[in-house]
Amino acid sequence: MDMKNQTVANLFNDALVYDEPYMAHFIYYCIMNKKITLEDSADTLFTLELTKDELAEFLEMKRRDTLKMRPVKLYAIKRNGNLYDFYFAKTPQQAAQLHHQLFGERVDKVIDAYNKMIDKAIYAPNANKTRTFREMMRGTVRLPRYVCSLEGRRIENS
């Protein structure tokens with residue numbers, strides 16, 4: 001469907017299905033504040049302007065994850081050199097606590113690696129396949145969960 005025929009409702013649904021929290025929260029915010037309706041053309045979204053206060057409200061709504069799009073996040077804890085341990089958890093504190101249980105190390109810094117790493121694929125030799133963190137997250141039942149350790153470049157700036 002081209003953008004000219006797409007409604008705000010279609011775009012909102014796509015944002016929910018394809019895990020796009022920025023767009024989903026933006027649409028939700030604009031609907032709640034009567035700036036648009038679900039029946040409007042999706043093009044309308046790209047002409048909206050928010051005041052400084054509205055932008056602050058919207059960003060706070062997204063930060064709080066009002067739509068509960070990402071209750072589970074991907075966290076990384078830097079060990080030594082370029083070694084990172086990855087965890088699925090609801091909070092950074094859960095990841096740090098599990099890290100302490102597994103490795104006996106207390107950490108001050110837990111990195112939110114979701115946006116930078118969630119679609120990165122890694123090879124699992126025991127399963128003989130490559131999977132993304134997103135695919136692995138879908139199969140996660142118990143939280144928090146240690147995922148793996150990887151060596152790589154810095155990920156702090158995610």
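A residue is called exposed here when its relative accessible area is over 50%, and buried when that value is under 20%. With this in hand, the predicted model can be explored one element at a time, and helix α3 makes a welcome start.

Helix α3 covers residues 52-64. Its 13 residues should span 18 Å at 1.5 Å a residue, and the C-alpha atoms at its ends are indeed 18 Å apart, so expectation and model agree. Three residues of α3 are buried, namely Glu 54, Phe 58 and Met 61. Viewed down the helix axis, these buried residues fall within an arc of 60 degrees and therefore line one face of α3. A general rule fits well here: an α-helix has 3.6 residues a turn, so residues three or four places apart point the same way. The cover over the buried residues of α3 includes α2 (21-32), while Lys 52, Asp 53 and Arg 63 are exposed on the other side of the helix. Just after α3 comes Asp 65, whose phi is positive, at about 55 degrees.

Helix α4, made up of residues 92-103, contains Ala 96. Ala 96 counts as buried because its relative accessibility is 17%, under the 20% limit. Leaving aside residues up to four places away in sequence, Ala 96 touches Ile 77, Val 107 and Val 110. By contrast, 43 Å separates the C-alpha atoms of Ala 96 and Thr 47, which lie 49 residues apart along the chain.

Turning to the strands, β4 (residues 121-124) and β5 (residues 129-132) run antiparallel and are joined by four bridges. Tyr 123 stands opposite Thr 130 of β5. The two strands form a hairpin with four residues between them, and Asn 128 in the turn has a positive phi of about 55 degrees.

Definitions and conventions
Residues are numbered from 1 along each chain as its sequence is written. This is a predicted model: local features need pLDDT of at least 70, side-chain atom pairs count only at pLDDT 80 or more; totals for chains, interfaces and linings use all residues. Side-chain values use heavy atoms; hydrogens and water are left out. Two strands pair if DSSP finds at least two bridges between them. Buried means under 20% relative accessible area, exposed over 50%, partly exposed in between (1.4 Å probe, protein chains only). Contact means heavy atoms within 4.5 Å. The expected span of a helix is 1.5 Å times one less than its number of residues. The arc is that of the directions from the helix axis to the C-beta atoms.
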